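I opened the model to look up a few positions, the ring pairs and one helix packing. My notes follow in the order in which I looked.

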Amino acid sequence: MMIRTFVALEIPEDPLTQLSNIIRDKIGELKNVKWESSDKLHLTLKFLGDTKKELIDTYVSAIENICKKYDSLDLSFNRFGVFKKGNDPKIFWVGLNENRKLNEMVSEIETTFSEFGFENERRKFQPHITLLRFRGYEDSEKILSLTEVNLPIIKFTADKITFYVSKLLPGASVYRSIKDFYLKN
């Protein structure tokens with residue numbers, strides 16, 4: 001049996017609250033905008049997609065072994081941005097400043113899972129957190145104006161990695177933790 005899975009770095013609540021305050025200060029409360037819920041605000045390290053359920057324990061062990069090698073990560077947000085499809089905005093995100101340790105860990109996760117037969121990510125790792133998926137009825141001009149905002153420095157430490165199962169439901173996806181792992185402090 002197959003399930004959809006991914007590996008993500010959890011972002012602490014405080015920096016996310018600071019971000020939402022900045023957004024509210026700049027553009028106010030917008031009607032018809034469905035921001036991602038706080039339980040979905042994470043940094044995807046590796047999207048695995050279809051995963052054989054019977055191999056989950058093997059993957060859990062692999063992630064655990066990788067996490068044991070890394071200290072907690074000192075990170076910071078750098079800017080708001082948008083991924084587009086053609087001219088249409090699809091995803092509004094906040095990016096993270098380059099972090100060598102984070103890149104090394106992602107590279108190791110990539111290598112490990114390619115040995116299990118998962119396809120390597122073709123795009124360069126661009127650390128970001130999806131804040132909004134455009135549905136076509138938002139005031140996209142107001143939201144896109146946030147890409148002009150100079151974010152203040154918001155630093156935080158992240159030390160929790162989660163292996164998730166993702167269920168696609170009509171109009172949304174639901175994530176459930178398979179297992180949490182902690183980086184060394």
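**Entry 1: R133.** I looked up R133 first and found it in strand β5. The model is predicted, and I read every value below with that in mind. R133 is partly exposed, as its relative accessible area is 33%. I then listed its contacts, leaving aside neighbours within four places in sequence: E36, K90, I91, E138 and Y175. I also took a C-alpha distance from R133 to L43, which is 90 residues away along the chain, and got 15 Å.

**Entry 2: K40 and Y175.** Y175, one of the contacts of R133, came up again when I looked at charges over rings. K40 lies over the face of Y175, and I noted 5.1 Å from the ring centre.

**Entry 3: Q126.** I went on to the loop between α3 and β5, where Q126 lies. I noted a relative accessible area of 37% for Q126, so this residue is partly exposed. Beyond its neighbours within four places in sequence, Q126 is in contact with R79, F83 and W93. I checked Q126 against T17 as well: the two are 109 residues apart along the chain, and their C-alpha atoms are separated by 22 Å.

**Entry 4: L168.** Strand β7 covers residues 160–169, and L168 is part of this strand. Is L168 buried or exposed? I read a relative accessible area of 59%, so L168 is exposed; the cut-off for that class is over 50%. With neighbours within four places in sequence left aside, I found L168 in contact with R4 and S173. From L168 to F47 I counted 121 residues in sequence and noted 14 Å in space, C-alpha to C-alpha.

**Entry 5: ring pairs.** I then turned to the aromatic rings, where the count comes to 12 aromatic pairs. One of them is the pair of Y59 and F113, with 5.5 Å centre to centre and 55 degrees between the planes, which I logged as tilted. Which parts of the chain does the pair of Y59 and F113 tie together? Y59 lies in helix α2 (residues 56–67) and F113 in helix α3 (residues 100–115), so the pair ties together parts that are 54 residues apart in sequence. I checked burial for both rings. Y59 counts as buried because its relative accessibility is 3%, and F113 counts as buried because its relative accessibility is 0%.

Y59 has a further partner in F118: this pair is edge-to-face, with 5.5 Å centre to centre and 70 degrees between the planes. I placed Y59 in helix α2 and F118 in the loop between α3 and β5, 59 residues apart, so the pair links distant parts of the chain. F118 has a relative accessibility of 13% and therefore counts as buried. I closed the ring search with a cluster in which ring pairs link Y59, F113, F116 and F118.

**Entry 6: α2 against α3.** Two packed helices are described by the angle between their axes and the distance between the axes. For α2 and α3 I noted an angle of about 150 degrees and axes 10 Å apart. That angle makes α2 roughly antiparallel to α3, as the class takes angles over 145 degrees. I logged the crossing of α2 and α3 as right-handed. Which residues make the contact? On α2 I listed Y59, A62, I63 and I66, and on α3 M105, E108, I109, T112 and F113. Y59 and F113 are thus in this contact list and also form the tilted aromatic pair of the previous entry.

Key:
Residues numbered from 1 in each chain as written. Predicted model: local features only at pLDDT ≥ 70, side-chain atom pairs only at ≥ 80, totals over all residues. Heavy atoms only, no water. Phe/Tyr/Trp six-rings, centres within 6.5 Å; stacked < 30°, edge-to-face > 60°. Helix = DSSP H or I, 4+ residues; strand = E, 2+ residues; numbered from the N terminus. Buried < 20%, exposed > 50% of the residue type's maximum accessible area, 1.4 Å probe, protein only. Lys NZ or Arg CZ within 6 Å of the ring centre and 35° of its normal. Axes fitted to C-alpha atoms, helices over the stretch in contact; angles between N-to-C directions. Parallel < 35°, antiparallel > 145°, perpendicular 65-115°, else oblique. Left-handed = near helix turned anticlockwise from the far one by under 90°. Contact = heavy atoms within 4.5 Å.
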